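Me: I would like to learn how to read a model of this kind, one feature at a time. Where should we start?

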Amino acid sequence: MSCEEEREYIFQCPECGERLEVNGPMRETLVERGCVICSATVTEAAFTR
Ligand SMILES: [Zn+2]
């Protein structure tokens with residue numbers, strides 16, 4: 001159990017360059033479903049704290 005899930009991440013799409021601040025659950029959604037803007041495949045490497 002940690003509070004790390006609450007941390008926000010910066011997502012930057014490798015395809016369209018869109019930057020979004022996301023939280024843990026949103027990050028998982030992006031990895032599963034792809035970029036919300038261009039639908040590119042998103043990997044965990046696209047996220048920084
Ligand atoms: Zn994109």
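Reply: Start with burial, and keep in mind that this is a predicted model. Of the 49 residues in the protein chain, 10% are buried.

Me: Which elements does the protein chain have, and in what order do they run from the N terminus?

Reply: There are 1 helix and 3 strands in the protein chain. Read from the N terminus, the order is β-β-α-β.

Me: In what order do the strands lie in the sheet, and what is the sense of the pairing?

Reply: Order along the chain and order in the sheet are read separately. Here the sheet is open, its 3 strands lie in the order S2-S1-S3, and the pairing is antiparallel. The edges are taken by strand S2 (19–22) and strand S3 (47–48); each has a single partner strand, so one side of each has no neighbour in the sheet.

Me: How many bridges join S1 to S2, and over how many does S1 pair with S3?

Reply: S1 and S2 run antiparallel and are joined by 4 bridges. Strand S1, residues 9–12, pairs with S3 over 2 bridges, again in the antiparallel sense.

Me: Which residue of S2 stands opposite Tyr 9, and which residue of S3 stands opposite Phe 11?

Reply: Opposite Tyr 9 is Val 22 in S2. Opposite Phe 11 is Phe 47 in S3.

Me: What should I look for in the hairpin of S1 and S2?

Reply: Look at the backbone angles between the strands. The hairpin has 6 residues there, and Gly 17 takes a positive phi near 80°.

Me: Which residue has a positive phi although it is not a glycine, and where does it lie?

Reply: That is Ser 39, with a positive phi of about 65°. Ser 39 lies in the loop between helix H1 (24–33) and S3.

Me: Why is Ser 39 classed as it is, buried or exposed?

Reply: Count the C-beta atoms around the residue. Ser 39 has 12 other C-beta atoms within 10 Å, and the cut-off for exposed is 12 or fewer, so Ser 39 is exposed.

Me: What share of the contacts between residues at least 6 apart in sequence join residues at least 24 apart?

Reply: In the protein chain, that share is 34%.

Note on methods
Residues are numbered from 1 along each chain as its sequence is written. This is a predicted model: local features need pLDDT of at least 70, side-chain atom pairs count only at pLDDT 80 or more; totals for chains, interfaces and linings use all residues. Two strands pair if DSSP finds at least two bridges between them. A residue is buried if 20 or more other C-beta atoms lie within 10 Å of its own, exposed if 12 or fewer, and partly exposed in between; C-beta atoms are placed from the backbone. Two residues are in contact if their C-beta atoms, placed from the backbone, lie within 7 Å.
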